[in-house]
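Subject: Structure handover

Dear colleague,

The structure is below, and my notes on it follow. Please read them with the model open.

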Amino acid sequence: MPDEETSPLTKRDLEAGRLLFARDVIFMLSAVSLETLPPARLPEICFAGRSNVGKSSLINALTNRKGLARASNTPGRTRELNYFNVDERLFVVDLPGYGYAKASKSDIARWTKLTRQFLFGRASLRRVFLLIDSRHGIKDSDLELMGMLDETAVTYQIVLTKMDKLKKGEFEKVFLKTQKCIAKRPAAFPEIISTSSEKKDGLAELRAEIATLALP
Ligand code: GTP
Ligand code: MG
């Protein structure tokens, strides 16, 4: 549960989040080019972040459906923009990760181009959820993306992932460091969400936050 003293999320927000994800979540399509994106008829959010931070796993955890988004031990698993329709109220987009060196240069160039075109050109994109692996913290490649999002005024919110991998004290250090890093960034949403897909921590808060962006 969020800290009632500091979190702006109310009980009503948490309930709205629970209800949103208790409804139908359908895999819609994998887009490999801008032309194959669906019409922008609903508000959208996306999950961005380095390869292997747990974007696809978090989508599965939020929806309580193990195989909805393809997650994998192998970095570079997600190669397209994968669209999920949440109860005809919101599109959730699972993005390919960045910072993965082992893919071919031409593949990396293609994903990077597509992802950037999407992030900076999609009018219906309401917020980017930028996932950071709490074992590693914010890396240069994250800062690079954050810089571009700041410049283009695309709002992003940091989600720390895999908190189950760290001891409480270690996690708190990473949390504070991350908070400091985003404090002066113009497009960064001030609240950080701490999660573990494995232990299902922080999911209620994340659902609630996402529900504030969906159609009523
Ligand atoms: P790409 O598609 O390559 O960009 O990766 P991704 O960000 O979608 O990561 P994915 O969800 O495929 O997860 C990568 C690995 O991290 C998998 O082995 C997951 O099981 C593991 N993982 C994801 N979330 C958690 C978590 O909360 N805790 C732990 N312990 N492992 C996790
Ligand atoms: Mg993935």
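**D133 and the end of β5**

D133 has a relative accessible area of 5%, so it counts as buried. Please keep in mind that this is a predicted model. D133 belongs to strand β5, which covers residues 125–133. Apart from neighbours within four places in sequence, D133 is in contact with N52, V53, T161 and K162.

S134 is in the loop between β5 and α4. S134 is buried as well, because its relative accessibility is 1% and the limit for buried is under 20%. Residues up to four places away in sequence not counted, S134 touches L160, T161, K162, M163, L166, F171 and V174. T161 and K162 are thus among the contacts of D133 and also among those of S134.

K162 itself is in the loop between β6 and α5. Its phi is near 55°, a positive value in a residue other than glycine.

**C46 in β2**

C46 is part of strand β2. Is C46 buried or exposed? With a relative accessible area of 0%, C46 is buried. Its contacts, leaving aside neighbours within four places in sequence, are V93, L95, F118, L119, L125, R127, V128 and F129. For one of these, V128, the C-alpha to C-alpha separation from C46 is 5.2 Å, although the two residues are 82 apart along the chain.

**Helix α4 and its packing on α3**

Helix α4 consists of 13 residues. From first C-alpha to last, α4 reaches 19 Å, close to the 18 Å expected at 1.5 Å a residue. Directly after the helix comes A153, with a positive phi of about 55°.

Which residues of α4 are buried? They are S141, D142, L145, M146, L149 and D150. The elements that cover them include β2 (44–49), α3, β5, β6 (156–161) and α5. As general background, an α-helix has 3.6 residues a turn, so residues three or four places apart point the same way.

E151 is also in α4, but E151 is exposed, because its relative accessible area is 72% and exposed means over 50%. The C-alpha atoms of E151 and D13 are 30 Å apart in space, and the two residues are 138 apart in sequence.

On the packing of α4 with α3 (residues 105–121): the two axes come within 10 Å and cross at roughly 35°. The crossing is right-handed. From α3, the residues that take part are R116, L119 and F120; from α4, they are E144, L145, M148, L149 and T152. By type, the residues of this contact are 5 nonpolar, 1 polar and 2 charged. L145 and L149 appear in this contact and are also listed as buried in α4. L119 of α3 is a contact of C46 too.

**Helices α2 and α6**

The other pair is α2 (residues 55–63) with α6. Their axes lie 10 Å apart, and the packing angle is about 90°. This angle makes α2 roughly perpendicular to α6. L58, A61 and L62 on the α2 side meet L203, L206, R207 and I210 on the α6 side. This contact divides into 6 nonpolar residues, no polar ones and 1 charged.

How many residues of α6 (residues 203–211) are buried? The number is 8 of 9, which leaves the helix mostly covered. The buried residues are L203, E205, L206, R207, A208, E209, I210 and A211. L203, L206, R207 and I210, which make the contact with α2, are among these buried residues.

**Two further residues**

D87 is in the loop between β3 (81–86) and β4 (90–94). Phi of D87 is positive, near 55°, in a residue other than glycine. D87 counts as buried because its relative accessible area is 18% and the limit is under 20%.

L176 is in helix α5, residues 168–182. At 53% relative accessibility L176 counts as exposed, because the cut-off is over 50%. From L176 to V32 the C-alpha separation is 37 Å, with their positions 144 residues apart along the chain.

Regards

Note on methods:
Residues numbered from 1 in each chain as written. Chains lettered and ligands numbered in written order. Predicted model: local features only at pLDDT ≥ 70, side-chain atom pairs only at ≥ 80, totals over all residues. Heavy atoms only, no water. Buried < 20%, exposed > 50% of the residue type's maximum accessible area, 1.4 Å probe, protein only. Helix = DSSP H or I, 4+ residues; strand = E, 2+ residues; numbered from the N terminus. Axes fitted to C-alpha atoms, helices over the stretch in contact; angles between N-to-C directions. Left-handed = near helix turned anticlockwise from the far one by under 90°. Contact = heavy atoms within 4.5 Å. Nonpolar A, V, L, I, M, F, W, Y, C, P; charged D, E, K, R; others polar. Parallel < 35°, antiparallel > 145°, perpendicular 65-115°, else oblique. Expected span 1.5 Å × (residues − 1).
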